[in-house]
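Work through these exercises with the model open beside you. Try each task before you read its solution.

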Amino acid sequence: QVQLVESGGGLVQAGGSLRLACATSGTFFSSYTMGWYRQAPEKQRELVASMTSGGNTNYLDSVKGRFTISRDNAKNTVYLQMNSLKPEDTAVYYCVSKRAWRPQFDYWGQGTQVTVST
């Protein structure tokens, strides 16, 4: 069973930065695709960023150039560096993971709140 625990959320002013971290348990972390979803009140959940085991990344258009996903396989941890934050980035951010061949993310963290003030 894979467990994901996020940290690093909080309140930041517009233009500021935050780094989210997601520590995972279980084996074979390096072979999993990792990602970050977010969900804002009354909005659909959206995939913000993902990274395959091979290091390929994908980003939501609205965060390209501002957010960076990375992973440390030795620490079983994935990160989301968020720069130039905007109020519209306010949401609960969820760490997710899946085996590479799975169509959807199977494992979810409990979420961490990110609030960007004007």
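A polar contact is a pair of N or O atoms within 3.5 Å; within protein, one atom must be able to donate a hydrogen and the other to accept it, and residues adjacent in sequence count only if both atoms are side-chain atoms. The model is predicted, so local features need pLDDT of at least 70 and side-chain atom pairs count only at pLDDT 80 or more, while totals for chains, interfaces and linings use all residues. Residues are numbered from 1 along each chain as its sequence is written, and side-chain values use heavy atoms, with hydrogens and water left out.

**Exercise 1. Describe the fold and the overall dimensions of the chain.**

Step 1. Count the elements. Helices (H or I, at least four residues) and strands (E, at least two) are DSSP runs, numbered from the N terminus. The chain has zero helices and eleven strands.

Step 2. Check the dimensions. The C-alpha trace spans about 40 × 25 × 25 Å along its principal axes.

Step 3. Apply the globule rule. The radius of gyration is taken over C-alpha atoms, and the rule is 2.2 Å times the number of residues to the power 0.38. For 118 residues, a compact globule would have a radius near 13 Å; the chain has 13 Å, which agrees.

Step 4. Look at burial and contacts. Buried means under 20% relative accessible area, exposed over 50%, and partly exposed in between (1.4 Å probe, protein chains only). Of the 118 residues, 40% count as buried. Contact means heavy atoms within 4.5 Å. Of the contacts with a separation of 6 or more, 54% are between residues 24 or more positions apart.

**Exercise 2. Trace the polar contacts that involve Arg38 and Asp89.**

Step 1. Place the two residues. Arg38 is in strand β4 (residues 32–39). Asp89 is in the loop between β8 (77–82) and β9 (91–99).

Step 2. Are they buried or exposed? Asp89 counts as buried because its relative accessibility is 0%. Arg38, at 6%, also counts as buried.

Step 3. Compare sequence and space. Asp89 and Arg38 are 51 residues apart in sequence, and their C-alpha atoms are 8.7 Å apart.

Step 4. List the side-chain contacts. Arg38 and Asp89 are joined by a polar contact of 3.0 Å. Arg38 also makes one with the side chain of Glu46, at 2.8 Å. The side chain of Asp89 makes one with that of Arg66, at 2.8 Å.

Step 5. Widen the view. Leaving aside neighbours within four places in sequence, Asp89 is in contact with Arg38, Val63, Arg66, Phe67, Ser84, Val114 and Val116.

**Exercise 3. Set Ser84 beside Ser50.**

Step 1. Place Ser84. It is in the loop between β8 and β9.

Step 2. Judge its exposure. Ser84 is partly exposed because its relative accessible area is 42%.

Step 3. Find its partners. Beyond neighbours within four places in sequence, Ser84 is in contact with Gly15, Gly16, Ser17, Arg66 and Asp89. Ser84 and Thr52 are 32 residues apart in sequence and 25 Å apart in space, C-alpha to C-alpha.

Step 4. Turn to Ser50. Ser50 is in strand β5 (residues 46–51). At 11% relative accessibility, Ser50 counts as buried. Its contacts, again without neighbours within four places in sequence, are Met34, Gly35, Asn56, Thr57, Asn58, Ile69 and Phe105.

**Exercise 4. Examine the positive phi angles of Glu42 and Asn76.**

Step 1. Read the angles. Phi of Glu42 is near 65 degrees, a positive value in a residue other than glycine. Phi of Asn76 is near 55 degrees, also positive in a residue other than glycine.

Step 2. Place them. Glu42 is in the loop between β4 and β5. Asn76 is in the loop between β7 (67–72) and β8.

Step 3. Judge exposure. Glu42 counts as exposed at 87% relative accessibility. Asn76 is partly exposed, at 22%.

**Exercise 5. Sort the residues that line the largest cavity.**

Step 1. Name the lining. It consists of Val2, Thr24, Ser25, Thr27, Phe29, Tyr32, Met34 and Ser97. On a 1 Å grid over the protein atoms alone, a cavity is a set of points where a 1.4 Å probe fits but cannot get out; lining residues have an atom within 4 Å of a point.

Step 2. Sort by class. Ala, Val, Leu, Ile, Met, Phe, Trp, Tyr, Cys and Pro count as nonpolar, Asp, Glu, Lys and Arg as charged, and the others, Gly among them, as polar. The lining divides into four nonpolar, four polar and no charged residues.

Terms used:
1 Å grid on protein atoms, 1.4 Å probe; cavity = no way out; pocket = protein on both sides within 12 Å on 5 of 7 lines; lining within 4 Å.
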